[in-house]
Structure formats: structure tokens, C-alpha cells
Amino acid sequence: MGQPLGSLKVAFLGLGAMGYPMAAHLAKRFPTLVWNRTFAKALKHQEEFGSKAVPLEGVAEAQVIFTCLPTTKEVAEVAEALWPHLRPGTYWVDATSGEPEGSRKLAERLLQKGVVYLDAPVSGGTVGAEKGTLTVMMGGPEEAVERVKPYLAYAAKVVHVGPVGAGHAVKAINNALLAVNLWAAGEGLVALVRQGVSAEKALEVINASSGRSNATENLIPQRVVTRAFPKTFALGLLVKDLGIAMGVLDGGKAPSPLLRLTREVYEMAKRELASEADHVEALKLLERWGGTEIR
């Protein structure tokens, strides 16, 4: 890893809503190989950003391999498919919102090939991915974290949070807090609107006061009050992250009545609204119960 940064190849696997713009930032700075299960998307990325679309085994040429897939299960499947082609000295940076224990097992497996695995999930949503302002929470050996930091071209902030698995644990709890804040704000705003207060005026006060959160400052004004509800982060994926958070809570034997109740509420919203709905659309369920739109 002593070569000049620009001379090293990187690879990005998984060109979804987050991965596509993240890989674009890499392609602006490094020779970047891209792969996606739907290969046409990799070809589109190549045309748009100058990356190079390759078959799966081709990504093993890279010194740093990035993955951004739906779950740890898919990451492990890709790792097994790549197994014969992997080379010692490679770093594997996993931006998937994955599961801590599965990540630890994958790290042990890859180390048999001399590949160092780091869990590096991100926060900041599709807007942050497009702007290159994501926050990365990294788990793994400190020396490896420092070596791969210069390649995180999509990040504005990188925090080494602990050993392998710690990044995924922090990500899961972070998203659990997102869920709590969004739902709690929704309950309060439905009540205020039913009292004759406009959501816009209520949010003006809340966002200048102690009740503010990302949900009140950004998500609800931009998506709920406007009725836009863009598809950015699926409700089913938030429910998946809440399930991972429950594992973190169980592992820490931590008291967690509120977070556990929040998971049940979002499971209910997923059943009512479908897994593909955007996570912010969960508030539509509250609106239905209250017979009132947040506007």
C-alpha cells in the first residue's frame, strides 16, 4: 500500500441508491472497477463516470474492494464466489448496513486469504452519497483503518469506532434512533395539527428549541409536509436495521424498552404499507390512525 494513491485500483460492488454515487466519487480519484448483479447498471456507471465494468472475478485485481449490498448474507456470498481469485494484502471495506456477528465471521474467513475486512457502514442518506459528505463508522484494526481512510472519497467524516463489528453495531443503533425520532415527532405533530396548529408553524418552533432532530429539521418538512415522500431508504431496510439493533441490545444485555417498542411499531408499519415504501412513509400510518395529515 505504499504506492501513490492514484496508481492503485479500487473496486466497488453494489450500485444501488447509495453505492452508485459512492462509486462515482471513487472513480473521480482512482482507477475504479465496478460490478453489480444487474450488469447493465455497471455498464451505465462506466459510461457516466469513467469507471470500468468488470465481471465479478475481475474485481480481485483491486487493492481495496468496497461492498455496499443489502445484507451481510449477500456480502458473504460474494466473498465465497470471489474466494479463488482473492489476493493477500487486499483490503475489503464493507459499507453494507450489516450484522456485527456475521461481519466478525466474515473477517475471520477472509483473513485466511490474507484479506483484511473492515466494516464501514455510512450515514447521510442518498443526498450525502451524492455530495460526498457521508459519515463512515469503521470497525477493524487501527492500522488497517488508517491505510484505507484516503480511499473513502465519498466521506466527510470517518470515525474508527472499535474492532470488527463495531461499525455495524453503531450504524444499527444510529438507525434505531432515527426511527424513534421520526415516529415520536410524527405523534406530536398529529396531535398539534388536530389542535389547529399548522405543522409548518409547529416545526418552526421545535427546530429552534430542544425538541429538534434530523426528522423535524429535514425529513418531515421536506417529505411529509410537502407530501413528496421520495423513495430514498426503504422501510423494509429500516426494519432490518432495527432487527440488527435488537441483537446489539441483546449482546450488551442493555435495558431497552423504548427501542424494542419502536421496532414493533415499524414492523407494523411495514405490514401495513409494504417493505418498498420509503421509511418516512411510516408516518402515513399515524396520519391514518389520527385522521389527520401532517401539514
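Is arginine 227 buried, partly exposed or exposed? Its relative accessibility is 22%, and because buried means under 20% and exposed means over 50%, arginine 227 counts as partly exposed. The structure in which this residue sits is a predicted model, and it helps to look at the whole chain before returning to arginine 227 and its partners.

The chain contains 12 helices and 9 strands. Its radius of gyration is 20 Å, close to the 19 Å that the globule rule gives for 295 residues, so the chain is as compact as a globular protein of that length. If a box is drawn along the principal axes, the C-alpha atoms fill roughly 65 × 45 × 35 Å. Of the 295 residues in the chain, 51% are buried, and the accessible surface comes to about 13,300 Å², with 55% of that area belonging to carbon and sulfur atoms. Among the contacts with a separation of 6 or more, 65% are made by residues that stand 24 or more positions apart.

Two stretches of the chain carry domain annotations in UniProt, both from an unreviewed entry. One annotation, "domain: 6-phosphogluconate dehydrogenase NADP-binding", covers residues 9–162, and over these residues the chain is 37% helix and 25% strand, with the end C-alpha atoms 27 Å apart. The other annotation, "domain: 3-hydroxyisobutyrate dehydrogenase-like NAD-binding", is listed by UniProt for residues 165–286. Over residues 165–286 the chain is 71% helix and 0% strand, and the end C-alpha atoms are 34 Å apart.

A surface feature can be found by starting from strand 9, which spans residues 155–162 and includes valine 159. Together with Val161 and Val170, Val159 makes a nonpolar surface patch of about 180 Å². Valine 159 itself has a relative accessibility of 33%, and so it counts as partly exposed.

The next feature to follow is the pairing of charges. Side chains of opposite charge can pair when their charged atoms come close. A search of the whole structure finds 18 salt bridges, and a few of them show how such a pair can be placed along the chain. One joins the side chains of glutamate 77 and lysine 73, with a distance of 2.8 Å from N to O. Both residues lie in helix 3, which runs over residues 72–82, and they are 4 residues apart, or about one turn of the helix. Glutamate 77 is partly exposed, because its relative accessibility is 37%, whereas lysine 73 is exposed, with a relative accessible area of 56%.

With arginine 227 the sequence separation is of another kind. Its salt bridge with glutamate 293 has its closest N and O atoms 3.7 Å apart. Arginine 227 lies in the loop between helix 9 (214–224) and helix 10 (235–251), while glutamate 293 lies in the segment after helix 12 (282–290), so the pair ties together parts that are 66 residues apart in sequence. Glutamate 293 is partly exposed, with a relative accessible area of 38%.

Lysine 231 forms a salt bridge with glutamate 281, and here the closest N and O atoms are 3.0 Å apart. Because lysine 231 lies in the loop between helix 9 and helix 10 and glutamate 281 in the loop between helix 11 (257–273) and helix 12, this pair ties together parts that are 50 residues apart in sequence. The two partners are placed at contrasting levels of cover: glutamate 281 counts as buried at 8% relative accessibility, but lysine 231 counts as exposed at 58%. Arginine 227 also belongs to a network, in which salt bridges that share partners join Arg227, Glu287, Glu293 and Arg295.

The last stop concerns the backbone. Most residues other than glycine have a negative phi, and most peptide bonds are trans. Phenylalanine 229, although not a glycine, has a positive phi of about 45 degrees. This phenylalanine 229 is found in the loop between helix 9 and helix 10, and it is buried, with a relative accessible area of 9%. Lysine 253, which is not a glycine either, also has a positive phi of about 45 degrees, and its place is in the loop between helix 10 and helix 11. In contrast to a buried residue, lysine 253 counts as exposed, because its relative accessibility is 74%.

Terms used: Residues are numbered from 1 along each chain as its sequence is written. This is a predicted model: local features need pLDDT of at least 70, side-chain atom pairs count only at pLDDT 80 or more; totals for chains, interfaces and linings use all residues. Side-chain values use heavy atoms; hydrogens and water are left out. Patches are made of residues with over 30% relative accessible area and no salt bridge: like charges are joined within 9 Å, nonpolar side chains (Val, Leu, Ile, Met, Phe, Trp, Tyr) within 5 Å. Accessible areas come from the Shrake-Rupley method with a 1.4 Å probe; for residues, only the protein chains shown count as cover. A salt bridge is a side-chain nitrogen of Lys or Arg within 4 Å of a carboxyl oxygen of Asp or Glu. Helices (H or I, at least four residues) and strands (E, at least two) are DSSP runs, numbered from the N terminus. Buried means under 20% relative accessible area, exposed over 50%, partly exposed in between (1.4 Å probe, protein chains only). The radius of gyration is taken over C-alpha atoms; the globule rule is 2.2 Å times the number of residues to the power 0.38. Contact means heavy atoms within 4.5 Å. UniProt positions are given in the numbering used here, feature names are shortened, and annotations may be inferred rather than shown by experiment.
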